[in-house]
Protein chains: 2
Amino acid sequence: MQKHTDREYESELETLRERVLLMGATVEQLIGAALDAFERRDVALAQQTIENDDQIDHLEVEIDRLCLRILALRQPVASDLRFITMSLKLVTDLERSGDLAVNVSERVVELGSFPSMPAHELICRMGSLAQGMLRDALDAFVTGDALKAQAVAERDNSVDALYEQLFPELGAIMRADPESVESATRLQSIGKYVERLADHATNIAEMVVFMVRGQDVRHGFEVARVGRR
Amino acid sequence: MQKHTDREYESELETLRERVLLMGATVEQLIGAALDAFERRDVALAQQTIENDDQIDHLEVEIDRLCLRILALRQPVASDLRFITMSLKLVTDLERSGDLAVNVSERVVELGSFPSMPAHELICRMGSLAQGMLRDALDAFVTGDALKAQAVAERDNSVDALYEQLFPELGAIMRADPESVESATRLQSIGKYVERLADHATNIAEMVVFMVRGQDVRHGFEVARVGRR
């Protein structure tokens with residue numbers, strides 16, 4: 001009987017892991033499409049992306065429910081408990097990343113075609129960095145690789161550095177050509193969304209470190225292991 | 001013996017509730033100060049605010065730890081379980097709201113003094129709406145008032161409506177006077193931060209509804225109660 005329950009418990013955990021991975025993959029895809037649409041000024045692709053985040057919202061609700069169910073019916077401890085509580089938090093970051101992908105796409109639709117400019121390239125570079133960070137954070141989650149996760153968190157600085165270049169860049173364009181204000185402010189928004197995408201990837205990476213090591217690396221504090229007393 | 005454990009458990013839950021409330025009050029105060037600094041163009045107050053969010057970061061880590069501890073050592077079910085998992089998620093929104101307050105203050109410092117304009121008033125109005133939403137969401141959390149929480153979530157639309165007025169407003173200013181680009185883009189950023197503050201308050205409010213009713217109101221789905229089977 002105990003064995004049977006153990007197997008059920010294992011399979012619930014496995015289902016949870018699969019759903020989180022599916023949600024991660026779906027969000028990655030949405031972000032990839034939104035950034036592609038931006039890079040290629042592809043309004044049709046952007047439009048498609050906007051309509052595509054329903055599945056993400058459903059997955060978030062489903063994962064939350066699964067977590068609560070496991071917490072209520074089993075008594076997970078140690079690494080299982082950290083995995084479940086991490087999943088609860090992680091889906092929030094994933095869901096908001098999906099929203100940001102939609103926001104990027106909305107701005108791409110509004111932009112339509114716009115002239116080539118250094119700011120566009122700058123944002124594309126930020127985008128591919130942020131995408132890489134999310135991919136590696138999710139990889140680290142799958143493989144339980146705390147070192148990889150920690151490296152992701154450190155890459156956030158490169159995105160922030162590019163983001164800081166963006167404002168004077170766009171400011172100069174707007175001052176030189178007041179007609180460019182409409183498109184420049186939209187580029188600014190996209191830059192901001194991408195910067196936040198990188199922040200969400202960082203949050204996820206930090207949670208992976210916590211999940212694997214039982215150590216809290218947020219805000220520079222280290223917190224002793226819990227759930228193993 | 002059982003009674004003793006029950007009392008300990010109750011006191012752990014009480015501590016958790018207190019810490020969450022303290023964190024909420026601290027974040028509210030920080031946001032209040034940042035918005036005051038913006039309204040009165042008070043660079044000194046803004047500067048003070050920037051240095052004040054360490055306590056919030058500490059509280060987040062402490063609350064997460066408390067939640068994990070209770071989940072690991074007790075077997076909370078039903079409303080207690082929902083309260084604990086909600087706390088785990090809620091602190092993320094509170095912490096990011098604190099970060100946004102700091103971001104507002106940073107832009108206020110950069111702005112220094114700037115001329116009166118309708119956009120400034122518009123953002124102040126958004127700010128007081130967002131502040132009210134957070135206050136009411138936290139009140140609803142304390143009193144377990146799902147109706148009040150639901151009303152908060154509905155108020156997010158008013159903030160979004162003001163936010164939409166902001167962009168054409170600032171766009172017109174920048175086109176008319178290219179010298180205003182520096183300050184107008186900062187006002188735009190502050191508008192965006194305030195809009196996100198309202199989003200976080202909405203998230204918290206939706207979690208309160210879930211905590212009280214065991215119903216998921218996010219994304220327009222209703223999800224059956226869990227943790228009571």
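## Helix packing exercises

Helix 4 of chain A and helix 4 of chain B are oblique to each other, the class for angles that are not under 35 degrees (roughly parallel), over 145 (roughly antiparallel) or 65 to 115 (roughly perpendicular). This is a predicted model, where local features need pLDDT of at least 70, side-chain atom pairs count only at pLDDT 80 or more, and totals for chains, interfaces and linings use all residues. Residues are numbered from 1 along each chain as its sequence is written, with chains lettered from A and ligands numbered from 1 in the order in which they are written.

**Exercise 1.** Work out how helix 4 of chain A meets helix 4 of chain B.

*Solution.*
- Start with the geometry: the two helices, each residues 78-111, pack at about 40°, and their axes are 10 Å apart.
- Next, take the handedness: the crossing is right-handed, that is, the near helix is turned clockwise from the far one (anticlockwise by less than a right angle would be left-handed).
- Now find the residues: A:Thr85, A:Leu88, A:Lys89 and A:Thr92 meet B:Thr85, B:Leu88, B:Lys89 and B:Thr92, contact being C-beta atoms, placed from the backbone, within 7 Å.
- Finally, sort these contact residues by class: two are nonpolar, four polar and two charged.

**Exercise 2.** Describe the packing of helix 5 and helix 6 of chain A.

*Solution.*
- Helix 5 (residues 118-143) and helix 6 (residues 146-176) of chain A pack at about 165°, with axes 9 Å apart.
- That angle makes helix 5 of chain A roughly antiparallel to helix 6 of chain A.
- Their crossing is left-handed.
- The contact of helix 5 with helix 6 of chain A has 18 nonpolar, two polar and six charged residues.
- Check the length too: helix 5 of chain A has 26 residues and spans 38 Å from first C-alpha to last, close to the 38 Å expected at 1.5 Å a residue.
- Just after helix 5 of chain A, A:Gly144 has a positive phi of about 65°.

**Exercise 3.** Is A:Arg41 buried or partly exposed?

*Solution.*
- Locate the residue: A:Arg41 sits in the loop between helix 1 (2-39) and helix 2 (43-50) of chain A.
- Look at the backbone: A:Arg41 has a positive phi of about 50°, although it is not a glycine.
- Count neighbours: A:Arg41 is partly exposed because 15 C-beta neighbours lie inside 10 Å (20 or more would be buried, 12 or fewer exposed).
- Turn to chain B: B:Arg41 is partly exposed, with 15 other C-beta atoms within 10 Å.

Note on methods: Axes are lines fitted to C-alpha atoms, for helices over the stretch in contact, and angles run from 0 to 180 degrees between N-to-C directions. Helices (H or I, at least four residues) and strands (E, at least two) are DSSP runs, numbered from the N terminus. Ala, Val, Leu, Ile, Met, Phe, Trp, Tyr, Cys and Pro count as nonpolar, Asp, Glu, Lys and Arg as charged, and the others, Gly among them, as polar. The expected span of a helix is 1.5 Å times one less than its number of residues. Two residues are in contact if their C-beta atoms, placed from the backbone, lie within 7 Å.
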